[in-house]
Amino acid sequence: MRHRNSALAATAGLALTVGLGLGAVPASADDGHTPAAPEKATVQGYTGESQKANDEFFKAVVKDALKKQAAKPGIQEVTVTYDASGAPKFKDQIANSTSVWNSAVKNVQLKEGSGGSFDYREGDDPRGSYASTDGHGNGYIFLDYAQNEEYDSNRVVAHETGHVLGLPDTYDGPCEQLMSGGGPGPSCTNDKPNADESAQVEQLWANGVAGVAFDKVAFGK
């Protein structure tokens, strides 16, 4: 989705995995034509994610956070834990993303630990990097090797983590917008949210997710 979408969109609780396909398939050899050279495969997860799936991921994280915060009524700051053991090659980038977001917002903080609300994984996938959830509180961020070589890896990880915090993609935005992702091209290395993006996250996680996030996202109202 190339235009800005509200992170508060109500969506069905389906099992979702984000990503798009490859380039064109060569013509068949028996169709009377010389097979065309296949187009170069492009890594699209960074510029072609599903907003519906990202909304579902955020809802799952909020639900898990609500359960963990139930014993602390009235809490103003939510801590979302994650497991980074499944993405050892991106240890530094994940730590950087955590530092970036924890410095940019106060109502929600990220922390590595066991029993996390989500986890990071790594590998090769033609869809690129993406956020995925099964709709039952289990979610992960997949980091694709090729994409993280083509684009600035710190930006990729911080961008995907932004979905965990509720931000939509804004691919047509400038480099200063972290959620514009791969839209500005591989030369963009900004790995920090701008003031508007930080403010949006603060609003979503205000009052221990008891406000907007609780009413309109966590339960699809």
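**Reading the fold from helix H5 outward**

Q: Which residues are exposed on the other side of H5?
A: Exposed means over 50% relative accessible area, buried means under 20%, and partly exposed lies in between (1.4 Å probe, protein chains only). H5 covers residues 195-204 in this predicted model; its other side carries the exposed residues Ala195, Asp196 and Gln203.

Q: What kind of model is this, and how are its residues numbered?
A: It is a predicted model, where local features need pLDDT of at least 70, side-chain atom pairs count only at pLDDT 80 or more, and totals for chains, interfaces and linings use all residues. Side-chain values use heavy atoms, without hydrogens and water, and the residues of each chain, as its sequence is written, are numbered from 1.

Q: Which residues of H5 are buried?
A: The buried residues of H5 lie on the same side, because they cover an arc of only 160° around the axis (taken from the directions from the axis to the C-beta atoms). An α-helix has 3.6 residues a turn, so residues three or four places apart point the same way. The buried set is Glu197, Ser198, Gln200, Val201 and Leu204.

Q: Which backbone nitrogen does a side-chain oxygen of Asn194 reach at the start of H5?
A: A polar contact is a pair of N or O atoms within 3.5 Å; within protein, one must be able to donate a hydrogen and the other to accept it, and residues adjacent in sequence count only if both atoms are side-chain atoms. The Asn194 oxygen comes to within 3.2 Å of its partner, the backbone nitrogen of Asp196.

Q: In which element is confidence lowest?
A: pLDDT is the predictor's confidence in each residue, from 0 to 100. The chain has a mean of 74, and 65% of its residues reach 70 or more. Helix H2 (residues 91-104) is highest at 98, while the lowest mean, 29, belongs to strand S1 (residues 16-17).

Q: How many contacts beyond near neighbours in sequence does the stretch 1-45 have in the model?
A: Contact means heavy atoms within 4.5 Å. The pLDDT is below 50 over residues 1-45, and the contacts beyond near neighbours in sequence number 91.

Q: In what order do the elements of the chain run?
A: Helices (H or I, at least four residues) and strands (E, at least two) are DSSP runs, numbered from the N terminus. The chain has 7 helices and 6 strands. From the N terminus on, the order is β-α-β-α-β-β-β-β-α-α-α-α-α.

Q: Which element gives the most to the largest nonpolar core?
A: A nonpolar core is a set of buried Ala, Val, Leu, Ile, Met, Phe, Trp, Tyr and Cys residues joined through side-chain atoms within 4.5 Å. This one has 34 residues, and those touching the most other members include Trp101, Phe118 and Val201. Elements supplying at least two residues each include S2, H2, H4 and H5. With 6 residues, the biggest giver is H1.

Q: With which residues is Val201 in contact, leaving aside its neighbours within four places in sequence?
A: Val201 is one of the buried residues of H5. In soluble globular proteins, nonpolar side chains tend to be buried together. The partners of Val201 are Trp101, Val105, Val108, Leu165 and Leu167.

Q: Which cysteine does the disulfide join to Cys175?
A: A disulfide is a pair of cysteine sulfur atoms within 2.5 Å. The structure holds 1 disulfide; both its cysteines sit in the loop between H4 and H5, 13 residues apart. The link is right-handed, with 85° about the S-S bond. At an S to S distance of 2.0 Å, the partner of Cys175 is Cys188.

Q: Is Cys188 buried or exposed?
A: Its partner Cys175 is partly exposed, with a relative accessible area of 28%. Cys188 has a relative accessible area of 4%, so this residue counts as buried.

Q: With which side chain does the side chain of Ser129 make a polar contact?
A: Ser129 lies in the loop between S4 and S5 and is buried, at 0% relative accessibility. Its side chain also reaches the backbone nitrogen of Asp144 at 3.0 Å. At 2.6 Å, the side-chain partner is Gln147.

Q: How far apart in space are Ala53 and Ser132, C-alpha to C-alpha?
A: Ala53 is in helix H1 and is buried, with a relative accessible area of 4%. In sequence, Ala53 and Ser132 are 79 residues apart; in space, their C-alpha distance is 6.9 Å.
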